[in-house]
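Reader: I'd love a close look at one part of this protein, the network of salt bridges. Could you walk me through who meets whom there, and then show me a little of what else the model holds?

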Amino acid sequence: MSTTTMVSPFEPATMSSAQLAAVSFLARYSGRTHALYAFQLRQWFTWCETNALDPLTGVQRAHVELYIRGLSERGLMDSSVNTMMHAVRGYFRFAHIDGLIAADPAIYARLPKVNRDESRTQGLDRLELIRFLQVAQTLTVHHGALAFLLGINALRASEAAAVQIEDYADTLRGYRVLRLIGKGNKPATMPLTVPVLRVLEACRGERTGGPLLLRPVSGKPVDRRDVYRMVTRMAAAAGIPRHISPHSLRHAAITNALDAGVPLRDAQILARHADPRTTEHYDRARGNLDRHGVHFLTAYVAGV
């Protein structure tokens, strides 16, 4: 079984059943998700080839369990092992639905348990976020615009890099709005507050169209890697001693909104989470002990 042709163009006359099933599964996705799932399936096909297994019809649950154990033994974190199995589990699920295999060998394979009640993401508290936004504006107008898009409007790195000047030209019910295509190709419309609009307009300058964020030196449009580098520079300039990523700023936007008293439903809309439990996860991960239940309980029983 050749792994190099696993995700080749659709050529049914020369492809094996396993390869056809892989191409069929990957056709459901696009962009970064397609690239990630293709990588995960290549890893699975390579492991099967090493162990003389057909990646589709020759697999039992025990084989999947051994593959999962092998991922852990390579040093991957439990959450990363689970992520690596997303495409493999989907591959077998749809192969079973399509009648290519009699049973799904991955459906009952045991995955590592991941405690999602707490997040390891290092976000910013209120004062750190304020300092970050202030310092970002002293670097370049592009750093300032990026900081506000991430830290106030909770955009993801790829979403911020893709913002076009035309995307925030509309007014809706008295608000200037930003229109974007988010995760999973879902369209979103969000209002721009006056401070955010001010830094976006400063970044735009005299331009009337095209990408909003440009590389400060070359003037070329930024990509995700540029966003990461710019955030690292802003964090250093703001004197934040720990690692800060674009997701740290998105995390800070959501957690500070919850700390400010924004209702969970409204915070979910800000974050554009499909499931409110995901937003609750950010709330529990704040690391803010001021509102912990023990304070209220201690005051309640103080007279005992």
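**The salt-bridge network**

Author: Happy to! Let's start from Arg225, which is exposed, because its relative accessibility is 60% and the cut-off for that word is over 50%. Please keep in mind throughout that this is a predicted model. Arg225 forms a salt bridge with Asp223, and their closest N and O atoms are 3.6 Å apart. Asp223 itself is partly exposed, at 23% relative accessibility.

Asp223 also meets the side chain of Arg215 in a salt bridge, here with 3.7 Å from N to O. Arg215 counts as partly exposed too, with a relative accessible area of 29%.

Now let's step along to helix α9, which covers residues 224–237. Both Asp226 and Arg229 lie in this helix, three residues apart, or about one turn. These two residues form a salt bridge as well, with 2.6 Å between the closest N and O atoms. Their surroundings make a nice contrast: Asp226 is buried, with a relative accessible area of 7%, whereas Arg229 is exposed at 52%.

Put together, Arg215, Asp223, Arg225, Asp226 and Arg229 are linked in a network of salt bridges. For context, a search of the whole structure finds ten salt bridges.

You asked for a little more, so here is a ring cluster to compare. The structure holds ten aromatic pairs. One of them joins Trp44 and Phe92 edge-to-face, with ring centres 5.7 Å apart and planes at 85 degrees to each other. Trp44 sits in helix α2 (residues 31–50) and Phe92 in helix α4 (residues 78–97), so this pair ties together parts that are 48 residues apart in sequence. Trp44 is buried, with a relative accessible area of 0%, and Phe92 is buried with a value of 0% too. Ring pairs link these two with Phe45, Trp47, Tyr67 and Tyr91 into a cluster.

One last stop is Thr255, in helix α10 (residues 246–259). A polar atom of the Thr255 side chain lies 3.3 Å from the backbone oxygen of Ala252. Thr255 is buried, at 6% relative accessibility.

If you have the structure open, a good way to follow the network is to begin at Asp223, which forms salt bridges with Arg215 and with Arg225, and then to look at Asp226 and its salt bridge with Arg229.

Terms used
Residues are numbered from 1 along each chain as its sequence is written. This is a predicted model: local features need pLDDT of at least 70, side-chain atom pairs count only at pLDDT 80 or more; totals for chains, interfaces and linings use all residues. Side-chain values use heavy atoms; hydrogens and water are left out. Rings of Phe, Tyr and Trp (its six-membered ring) pair if their centres lie within 6.5 Å; planes under 30 degrees apart count as stacked, over 60 as edge-to-face and the rest as tilted. Helices (H or I, at least four residues) and strands (E, at least two) are DSSP runs, numbered from the N terminus. Buried means under 20% relative accessible area, exposed over 50%, partly exposed in between (1.4 Å probe, protein chains only). A polar contact is a pair of N or O atoms within 3.5 Å; within protein, one must be able to donate a hydrogen and the other to accept it, and residues adjacent in sequence count only if both atoms are side-chain atoms. A salt bridge is a side-chain nitrogen of Lys or Arg within 4 Å of a carboxyl oxygen of Asp or Glu.
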